[in-house]
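Okay, thanks for squeezing me in. I'll put the model up and then just talk through the side chains.

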Amino acid sequence: MTQYLIRRAGQSVAVVIGVMILTFLLLHLEPGSVARSVLGLKATPARVAIFDSLYGLNKPLYVQFGIYVKQIFQGNLGVSYQLQQPVASLIAQRLPRDAILLGLSTLLALMIGVPTGIYQAARHNRLADDLLAGSWFTLYSAPDFMEALLLIALLCVQFHVLPAAFPGSVNSIGGLFADWPALVLPVAVLSVNSVAGFSQYVRSTALQALAEDYIRVARAKGLPERLVLTRHVLRNSLLPVITILGLSLPDIVAGAVIAESIFNFPGMGLLFWQSALAHDFPVMLGGTLIIGVATVLGNLAADIAYSTLDPRIRYGGT
């Protein structure tokens, strides 16, 4: 187990470095002038030259990357071109709000997906199983922005049940819950795609568990079907969910960028979107680095939790 953790830690560091290099290259190879995106199209050549000199954009790309890596090791993610604030401060302000949004959406997806998967397994090859599977995969295949716009049209425009976006004054976690009706739609949109994955993985594992001998023994002893499902099937069906939680983190974060931009949610997704439109490289690089580290740590935590919950798994010899 120790060897596995050391190997996985090394792989995680390599992945983060690779993501950082690739993102840096892609952003700086993007056509167009960063200075003119920030200063405006009417900026004079002198102002553009001063901007490029101030932020080192007139230096060779490898020199710029070396300066960026040095700043990271010093705990400095740079300064936003547009907002003129430290990137680390901007991210620190928004990360707790994203944790609330992603946490609530993941919790809701688990609360719906796990029982649904068990229910489908208990009614395998019946109409209820087919209807649920078809419904969730239809929603899963729909783009996030389409689901968001449909919910806004239905619940906000047509029935006026929920607000369509967060007010611009929300800048704290307390403000999120003070305007909790505005939190409903972003959480719902982010939950939909995760539910299909959770339910189908749980369904698949539950079907395998239902075919095991210990399930037949439990039924032969007269244990009610409800207890068979909750005590035996459910426990074993939760193991793949742990892995899926780690692997689904990038998809959830990617969906958060779209959902936050549509619903004006004051999180990293909205900040990332606005920075992309403004060619604000330091914010985009800092956000990508944080997301990459969080994704790698999520996958590593999922692997550790999986091996802890299932002692039959031995990573050390693989």
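Let me start with something you can look up on the screen: which side chain does glutamate 225 meet in a salt bridge? The partner is arginine 219, with 2.7 Å from N to O. Glutamate 225 is partly exposed, because its relative accessibility is 37%. Arginine 219 lands in that class too, partly exposed with a relative accessible area of 36%.

Before I go on, keep in mind that this is a predicted model.

So, the overall picture. The chain has 14 helices and zero strands, so reading from the N terminus you just go from α to α to α. There are 318 residues, and buried ones make up 41% of them. The C-alpha trace spans about 85 × 60 × 35 Å along its principal axes. For the surface, we get about 16900 Å² accessible, and carbon and sulfur atoms account for 67% of that. If you take contacts between residues at least 6 apart in sequence, 71% of them join residues at least 24 apart. And on charges, there are 20 positive and 16 negative ones, with their mean positions 6 Å apart.

Back to the salt bridges. The count is three, and you've already seen glutamate 225 with arginine 219. Another one is aspartate 129 with arginine 203, where the closest N and O atoms are 2.9 Å apart. That pair ties together distant parts of the chain: aspartate 129 sits in helix α6, residues 127-141, and arginine 203 in helix α9, residues 181-210, which puts them 74 residues apart. And are those two buried or exposed? Both aspartate 129 and arginine 203 are buried.

Then there's aspartate 213 with arginine 216, with the closest N and O atoms 2.6 Å apart. This one stays within a helix: the two residues are three apart in α10, residues 213-220, so about one helical turn separates them. Aspartate 213 counts as exposed because its relative accessibility is 54%, and the cut-off for exposed is over 50%. Arginine 216 comes out at 49%, so that one counts as partly exposed.

Okay, aromatics. How many aromatic pairs does a search of the whole structure find? Seven. One of them is phenylalanine 51 with tyrosine 55, a tilted pair with 4.8 Å centre to centre and 50 degrees between the planes. Phenylalanine 51 is buried, because its relative accessible area is 7%. Tyrosine 55 has 24% relative accessibility and so counts as partly exposed.

Another pair I'd like you to look at is phenylalanine 166 with phenylalanine 265. Those rings are edge-to-face, 5.2 Å centre to centre with 80 degrees between the planes. Here too the pair links distant parts of the chain, with the two residues 99 apart. Phenylalanine 166 is in the loop between α7 (144-158) and α8 (173-178), while phenylalanine 265 is in the loop between α12 (239-263) and α13 (268-277). Both of these phenylalanines are buried.

One last thing on rings: what do ring pairs link Phe24, Phe65 and Tyr68 into? A cluster.

To wrap up, here are two pairs to click on afterwards. Go to aspartate 129 and arginine 203 for the buried salt bridge partners, and to phenylalanine 166 and phenylalanine 265 for the edge-to-face rings. That's it from me, happy to zoom in on anything.

Note on methods
Residues numbered from 1 in each chain as written. Predicted model: local features only at pLDDT ≥ 70, side-chain atom pairs only at ≥ 80, totals over all residues. Heavy atoms only, no water. Phe/Tyr/Trp six-rings, centres within 6.5 Å; stacked < 30°, edge-to-face > 60°. Buried < 20%, exposed > 50% of the residue type's maximum accessible area, 1.4 Å probe, protein only. Helix = DSSP H or I, 4+ residues; strand = E, 2+ residues; numbered from the N terminus. Salt bridge = Lys/Arg side-chain N within 4 Å of Asp/Glu carboxyl O. Contact = heavy atoms within 4.5 Å. Areas by Shrake-Rupley, 256 points an atom, 1.4 Å probe, with all protein chains shown as cover. Lys, Arg positive; Asp, Glu negative; His and termini not counted. Charge placed at Lys NZ, Arg CZ, Asp CG, Glu CD.
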